[in-house]
Amino acid sequence: MASSSAGWVAVLTAAALGTVGFLAHQASDRMPAELSRVHATSVPAPGASKAPRDARHPDALPLGSGRGERVVYSLDDDRVWLVGPDNKVQDTFTVTPGRVDPVPGTYAVTSRSKRITGSDGVPVEHVVRFTSVEGVVIGFSAAVGGSSSKPAPGLRTGGIRESRADGDVMWRFATIGQQVVVIP
């Protein structure tokens, strides 16, 4: 009798898992494109060179960083450019990266939070998220206390910290669906 009950439990468990998988697939097919997670559209080959920079103007927008309205984030320079629809830089500022970097590519802002506690325990505001890497959410934020120090060693964080003033500018610029281009 016990083996018969175990068999039924196994059948019911398999049926439940199949149903959940089917429903998850249906839900992902019906999600509006602007709300779905956007993965990198271009991943540079190993050893790929970074976007050309103007040595005389280190804060100049790198060539090859896309066209049109977008947020450009340089991993190597720890800098952000907010670019208007006319392809002109509206603002640029330095940032302090988290411990986990996004893969270079093109993304879109997927969610925002006015004020939360970051994964490092620091209260942050104006959180603008655009991807995740191995379960670590990646996005821009400003520490409420103004801190922009690197997180403690060993802590896997994806918060790209900006000053509170820069966080205000990012918050107004980077609404849901706004393009984010990550460059080396």
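Which residue in β6 stands opposite Arg115? Keep that one in mind, and we'll get there in a moment.

Okay, so what we have here is a predicted model. The average pLDDT of the protein chain is 79, and 67% of the residues reach at least 70. Watch out for residues 16–49, though: the pLDDT there is below 50, and beyond near neighbours in sequence that stretch has 23 contacts in the model.

Now the overall layout. The protein chain has two helices and nine strands. Reading from the N terminus, the elements go α-β-β-β-β-β-β-β-β-α-β. The chain has 184 residues, and 35% of them count as buried. About 10,400 Å² is exposed, with carbon and sulfur atoms supplying 58% of that.

Let's zoom in on one sheet. This one is open, with four strands in the order β5-β6-β7-β8, and the pairing is mixed. At the edges you find β5, residues 111–117, and β8, residues 159–162; each has a single partner strand, so one side of each is left without a neighbour in the sheet. On average, neighbouring strands here are turned by 30° against each other, ignoring direction.

Back to where we began. β5 pairs with β6, residues 123–133, in the antiparallel sense, over six bridges. And the residue in β6 opposite Arg115 is Glu125.

Last stop: helix α2, residues 164–173, packs on this sheet and touches β5, β6, β7 and β8. The helix direction makes about 60° with that of β6.

Conventions: Residues numbered from 1 in each chain as written. Predicted model: local features only at pLDDT ≥ 70, side-chain atom pairs only at ≥ 80, totals over all residues. Heavy atoms only, no water. pLDDT = per-residue confidence, 0-100. Contact = heavy atoms within 4.5 Å. Pairing = 2+ DSSP bridges. Axes fitted to C-alpha atoms, helices over the stretch in contact; angles between N-to-C directions. Buried < 20%, exposed > 50% of the residue type's maximum accessible area, 1.4 Å probe, protein only. Areas by Shrake-Rupley, 256 points an atom, 1.4 Å probe, with all protein chains shown as cover.
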